[in-house]
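This report describes a single protein chain, from individual residues to the chain as a whole. The sequence and the coordinates are shown first.

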Amino acid sequence: MCPEFMYLALVHPFCLTSFRTTSKTIKINLCLWAISILLAFPAWTHAKVIKFKDGLEGCAIDLSSPQDILWYTLYHTLTSRTGRYNATIPRAQLKRLTKMVLVLVGIFVVCSAPYHVIQLINLKITQPTSVYYIVYYTAICLSYTSSSINPFLYILISGNFRRRLASCTKIPMKVTKREIINIESTLKLS
């Protein structure tokens, strides 16, 4: 998700209600797929199977000629984006959004790192054991939990949820004078 849409979804979730129709969603998804295919095209055209000296084969991007390097560099230059700081966002809101993004990225890293570590171990292992399979499948499940945890993190981290939870837990107690006297007398007797 691009940062602008993430900002709008977090800060102004109800401003885009006219934008959320079925036909517009289908058109946006088709455009995103077309852009994704277009951006992945150079990797498809330059990807080749390379044979290593030890007999193993691997897939890599082959940029053997200077012209390939030029076009690939031009492609990355045109498709790369630079982030811009928006000074109109209040500092407190910016800090809250930064905290939310850091928590979400942190949870993503914690959930997906074991899977990638297992993939690196998988390169060296010749005969996997049952413990390896248990850790492997646990890492796969953990990598999927990141996307299922995200909606709850959005709710828990947002200030509205914390304020409403605090207002729900503050139960106003109406204690009569007689009840106070009863409590004090009970405390004196014990």
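## Ser146 and Ala139 in helix α5

In this predicted model, Ser146 has a relative accessibility of 4%, which is under the 20% limit, so the residue counts as buried. Ser146 belongs to helix α5, which covers residues 130-157. Apart from neighbours within four places in sequence, Ser146 is in contact with Phe108 and Cys111.

Ala139 is also located in helix α5. Its relative accessible area is 5%, and Ala139 is therefore classed as buried. With neighbours within four places in sequence set aside, the contacts of Ala139 are Cys111, Pro114, Tyr115 and Ile118. Cys111 stands 28 residues from Ala139 along the chain, and the two C-alpha atoms are separated by 7.9 Å. Cys111 is thus named among the contacts of Ser146 and among those of Ala139.

## Aromatic pairs

How many aromatic pairs does the model contain? The count comes to four. In one of these, the ring centres of Tyr132 and Tyr133 lie 5.8 Å apart with the planes at 65°; the angle is over 60 degrees, so the pair is edge-to-face. Tyr136 and Tyr137 also form an edge-to-face pair, with 5.4 Å from centre to centre and 70° between the planes. Through ring pairs, Tyr132, Tyr133, Tyr136 and Tyr137 are linked into a cluster.

Is each partner of the Tyr132 and Tyr133 pair buried or exposed? Tyr132 has a relative accessibility of 9% and therefore counts as buried. Tyr133, by contrast, has a relative accessible area of 40%, so this residue is partly exposed.

## Helix α2 and its kink

Helix α2 spans residues 22-46, a total of 25 residues. The distance from its first C-alpha to its last is 37 Å, close to the 36 Å expected at 1.5 Å a residue.

Where does α2 bend? A kink of about 40° is found at Ala40, shortly before the proline Pro42.

## Strand β2 and the salt bridge

Ala60 is part of strand β2, which comprises residues 57-61. With a relative accessibility of 28%, a value between the 20% and 50% limits, Ala60 counts as partly exposed, because neither limit is crossed. If residues up to four places away in sequence are not counted, Ala60 touches His46, Ala47, Lys48 and Ile50. Ala60 and Ala43 are 17 residues apart in sequence, and their C-alpha atoms are 9.0 Å apart in space.

A search of the whole structure identifies one salt bridge. It joins the side chains of Lys51 and Glu57, with a nitrogen-to-oxygen distance of 3.7 Å. Lys51 and Glu57 are both exposed.

## The chain as a whole

The protein chain contains seven helices and two strands. Read from the N terminus, the order of the elements is α-α-β-β-α-α-α-α-α.

Of the 190 residues in the protein chain, 11% count as buried; Ser146, Ala139 and Tyr132 are among the buried residues. The protein chain exposes about 16100 Å², and carbon and sulfur atoms supply 69% of this area. Among contacts between residues at least 6 apart in sequence, 49% join residues at least 24 apart.

How values were computed
Residues are numbered from 1 along each chain as its sequence is written. This is a predicted model: local features need pLDDT of at least 70, side-chain atom pairs count only at pLDDT 80 or more; totals for chains, interfaces and linings use all residues. Side-chain values use heavy atoms; hydrogens and water are left out. Helices (H or I, at least four residues) and strands (E, at least two) are DSSP runs, numbered from the N terminus. The expected span of a helix is 1.5 Å times one less than its number of residues. The bend at a residue is the angle between axes fitted to the seven residues ending there and the seven starting there. Rings of Phe, Tyr and Trp (its six-membered ring) pair if their centres lie within 6.5 Å; planes under 30 degrees apart count as stacked, over 60 as edge-to-face and the rest as tilted. Buried means under 20% relative accessible area, exposed over 50%, partly exposed in between (1.4 Å probe, protein chains only). A salt bridge is a side-chain nitrogen of Lys or Arg within 4 Å of a carboxyl oxygen of Asp or Glu. Contact means heavy atoms within 4.5 Å. Accessible areas come from the Shrake-Rupley method with a 1.4 Å probe; for residues, only the protein chains shown count as cover.
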